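Work through the exercises below with the model open. Try each task before reading its solution.

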Amino acid sequence: MGVQNSPEAGLDEKAVIAAAERALSDIAVIRNEVAKVIFGQESVVEQTMLAVLSGGHALLVGVPGLAKTKLVATLGTVLGLASSRIQFTPDLMPSDILGSEVMDQDDNGKRSFRFVPGPIFTQLLMADEINRASPRTQSALLQAMQEYHVTVAGRPNDLPKPFHVLATQNPLEQEGTYPLPEAQLDRFLLQVDVDYPELAAERQILLETTGVHEAQASAAISAERLIEIQTLIRQMPVSEKVLDAILSLVRSARPGNGVKDTDKHVAWGPGPRAGQALMLCARARALYEGRLAPSVDDVLALAEPVLQHRMALTFGARAEGMSVRDVIASLVRQAGG
């Protein structure tokens with residue numbers, strides 16, 4: 001079976017295996033620390049972690065009170081990242097995110113401009129209720145999320161490494177909000193749907209969070225170690241079978257590729273970034289679960305969080321009560337079938 005490697009191919013196989021085993025140990029510690037604070041929600045924690053381990057950004061969608069903010073804060077602590085939070089509101093301005101220039105005057109009376117960095121200059125940025133800000137302010141994040149620097153007064157300013165945006169969005173209350181444009185949605189590696197906790201997890205939440213003392217997570221790794229793990233994930237081999245599964249799934253979600261249901265129900269489908277996201281996240285999922293190479297099952301398991309924010313249904317499909325998730329589920333059944 002042919003194997004597709006990243007540009008860093010040619011590394012000593014034993015060295016990669018040894019690095020992967022060390023990463024598995026670190027990931028186990030990370031999972032244990034997160035579990036001290038976040039009860040249940042295994043799928044949410046996994047998908048958010050996969051986005052970070054893959055070096056990308058994630059959009060967490062769920063109603064208020066489901067610990068989205070707490071999860072992001074916990075990950076910042078456990079991963080050893082400098083973090084900041086921005087509460088998005090309709091009156092938030094781009095300079096509130098990026099920073100601005102102020103005029104200084106020295107002892108000799110000479111005046112000069114000095115850049116004061118905004119909260120985006122961090123390693124883990126929580127963009128809370130991102131769809132409440134105006135499109136002008138939302139666009140301030142676009143360059144940062146894609147190019148990892150921001151331009152202020154014509155000068156580029158590099159962001160810290162690593163840099164991740166974990167944004168939250170309330171799917172119910174849409175009054176006074178500005179839906180994210182497709183170009184910005186595509187910058188999110190995954191859309192993570194946050195559902196209500198199961199009974200056992202909710203029982204534990206009530207017991208553990210209403211007493212005098214609450215459990216606290218501790219740092220498990222450093223930012224430098226996270227970058228090493230992210231590099232390792234890009235070095236993991238991907239078989240021809242997995243690569244073909246990714247291409248087949250992504251292309252089947254686009255109209256005009258010979259899939260009858262897609263042609264009927266999908267107005268526009270995912271671009272190449274979806275395939276890139278699947279390649280990275282499938283590797284990260286394999287490592288997260290203790291394996292050294294991804295499988296087709298990893299691809300199918302990640303189809304919904306990777307594709308759902310990169311597709312739109314036709315008016316007819318929406319009128320029939322269909323959802324993007326229904327279409328993706330059908331494509332996954334066909335791919336696994």
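**Exercise 1. Classify Ala-67 by its accessibility, then describe its backbone and place.**

Solution. Ala-67 has a relative accessible area of 34%, so Ala-67 is partly exposed. The cut-offs are under 20% for buried, over 50% for exposed, and partly exposed in between, with a 1.4 Å probe and protein chains only. Next, the backbone: the phi of Ala-67 is positive, about 70 degrees, although Ala-67 is not a glycine. Most residues other than glycine have a negative phi. Last, the place: Ala-67 sits in the loop between strand S2 (58-61) and helix H3 (68-78). Helices (H or I, at least four residues) and strands (E, at least two) are DSSP runs, numbered from the N terminus.

The model is predicted: local features need pLDDT of at least 70, side-chain atom pairs count only at pLDDT 80 or more, and totals for chains, interfaces and linings use all residues. Residues are numbered from 1 along each chain as its sequence is written, and side-chain values use heavy atoms, with hydrogens and water left out.

**Exercise 2. Find where Gln-41 lies, and decide: buried or exposed?**

Solution. Start with the loop between helix H1 (13-35) and helix H2 (42-53); Gln-41 is found there. Check phi: about 50 degrees, a positive value on a residue that is not a glycine. Then check accessibility. Gln-41 counts as buried because its relative accessibility is 16%.

**Exercise 3. Locate the cis peptide bond between Lys-161 and Pro-162.**

Solution. Read omega from Lys-161 to Pro-162: near -10 degrees, a cis bond. Most peptide bonds are trans. Now place the proline. Pro-162 belongs to the loop between strand S8 (155-158) and strand S9 (164-169).

**Exercise 4. Which residues surround Ile-30?**

Solution. Begin in helix H1, which holds Ile-30. Its relative accessibility is 0%, so Ile-30 counts as buried. Leave aside neighbours within four places in sequence. Ile-30 is then in contact with Met-49, Val-78, Leu-79, Ala-220 and Ile-221. Contact means heavy atoms within 4.5 Å. Take Val-78 further: 48 residues separate Ile-30 and Val-78 along the chain, and their C-alpha atoms are 6.4 Å apart.

**Exercise 5. Trace the contacts of Leu-75.**

Solution. Go to helix H3, where Leu-75 lies. Leu-75 counts as buried, because its relative accessibility is 1%. Set aside residues within four places in sequence. The contacts of Leu-75 are Val-34, Thr-48, Met-49, Leu-124 and Leu-166. Then take one distance: Leu-75 and Arg-31 are 44 residues apart in sequence and 9.9 Å apart, C-alpha to C-alpha.

**Exercise 6. What does Ser-84 touch?**

Solution. Ser-84 is in strand S3 (residues 83-87). With a relative accessible area of 21%, Ser-84 is partly exposed. Do not count residues up to four places away in sequence. Ser-84 touches Pro-119, Thr-122, Leu-124, Leu-125 and Met-126. Ala-127 gives a distance check: Ser-84 and Ala-127 are 43 residues apart along the chain, with 8.8 Å between their C-alpha atoms.

**Exercise 7. Describe Arg-325 and the annotated span 263-328.**

Solution. UniProt lists residues 263-328 as "domain: ChlI/MoxR AAA lid", in an unreviewed entry. UniProt positions follow the numbering used here, feature names are shortened, and annotations may be inferred rather than shown by experiment. The span is 62% helix and 8% strand, and its end C-alpha atoms lie 13 Å apart. Now Arg-325, in helix H15 (residues 324-336). Arg-325 is partly exposed, with a relative accessible area of 37%. Beyond residues up to four places away in sequence, Arg-325 touches Gln-191, Asp-193, Glu-304 and Gln-308.

**Exercise 8. Summarise the whole fold.**

Solution. Count elements: the protein has 15 helices and 13 strands. Then compare sizes. The radius of gyration is 21 Å, which agrees with the value near 20 Å for a compact globule of 337 residues. That radius is taken over C-alpha atoms; the globule rule is 2.2 Å times the number of residues to the power 0.38. Of the 337 residues, 47% count as buried. Finally, take contacts between residues at least 6 apart in sequence: 78% join residues at least 24 apart.
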